[in-house]
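Q: Please take a close look at a single part of this structure, and explain the terms as they come up. I am new to it and would like to see how that part fits into the whole.

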Amino acid sequence: EPPPIPAPGAPGNQKPAQPGVWAYGSQSTFVLPNPLYTAGSRLAPFVYMADRWTPSDNASFGTYVWLPLFIDPANASRVRVVWHESWRLDNATSPFGSVL
């Protein structure tokens, strides 16, 4: 079982120097299981779903962010969302080393 989330301001839960950097300027709304993922696969097991609200931009008040989300198989407390301009459920592979 992963350890609890550190308290605000504690190492591992500190505000980045540039707000929005960790989440690519978005706020999460849902984590979707990847239907193509199988145990032991290097594919993303989940999809990070989020939105961006930019009220000053009349063309698109809100846009969506869907990115592959990975959990380190050697340390489940390490989670990583990886930026891709374009990707598919069957081609985003783990940034972590080998899978267990």
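A: A residue is called buried under 20% relative accessible area, exposed over 50%, and partly exposed in between (1.4 Å probe, protein chains only). The part chosen here is Leu89, which is partly exposed, because its relative accessible area is 30%. The model is predicted, so local features need pLDDT of at least 70 and side-chain atom pairs count only at pLDDT 80 or more, whereas totals for chains, interfaces and linings use all residues. Residues are numbered from 1 along each chain as its sequence is written, and side-chain values use heavy atoms, with hydrogens and water left out.

To place Leu89, it helps to begin with the chain as a whole. The protein chain has zero helices and four strands (DSSP runs numbered from the N terminus, H or I of at least four residues for helices and E of at least two for strands), and along the sequence these follow the pattern β-β-β-β. Leu89 itself is found in the segment after β4, the strand that spans residues 79-81.

The four strands form an open sheet in the order β1-β2-β3-β4, with antiparallel pairing (two strands pair if DSSP finds at least two bridges between them). The edge strands are β1, which covers 27-33, and β4, since each of them pairs on one side only. Going across the sheet, β1 and β2 are joined in the antiparallel sense over six bridges, and here Phe30 stands opposite Met49 in β2. Between β2 and β3 the antiparallel pairing runs over eight bridges, with Val47 having Pro68 in β3 as its bridge partner. Finally, β3 and β4 pair in the antiparallel sense over three bridges, where the partner of Ile71 is Val79 in β4.

With that frame in place, consider what surrounds Leu89. Leaving aside neighbours within four places in sequence, Leu89 is in contact (heavy atoms within 4.5 Å) with Asn34, Pro35, Leu36, Leu43 and Val47. One of these partners, Pro35, is 54 residues away from Leu89 along the chain, and yet their C-alpha atoms are separated by 8.0 Å. Another partner, Val47, is the residue paired with Pro68 in β3. For the chain as a whole, among contacts between residues at least 6 apart in sequence, 40% join residues at least 24 apart.

Asn34, also a partner of Leu89, deserves a look of its own. Asn34 lies in the loop between β1 and β2, and it counts as buried because its relative accessibility is 5%, whereas Leu89 is partly exposed at 30%. Not counting residues up to four places away in sequence, Asn34 touches Ala44, Pro45 and Phe46 as well as Leu89.

Elsewhere in the chain there is a set of buried nonpolar residues to compare with this picture. Of the 100 residues in the protein chain, 25% count as buried. The largest nonpolar core (buried Ala, Val, Leu, Ile, Met, Phe, Trp, Tyr and Cys residues joined through side-chain atoms within 4.5 Å) has 15 residues, and Tyr48, Val65, Leu67, Phe70, Val81 and Trp87 touch the most other members. Two strands, β2 at 46-53 and β3 at 62-71, each supply at least two residues of this core. In soluble globular proteins, nonpolar side chains tend to be buried together.
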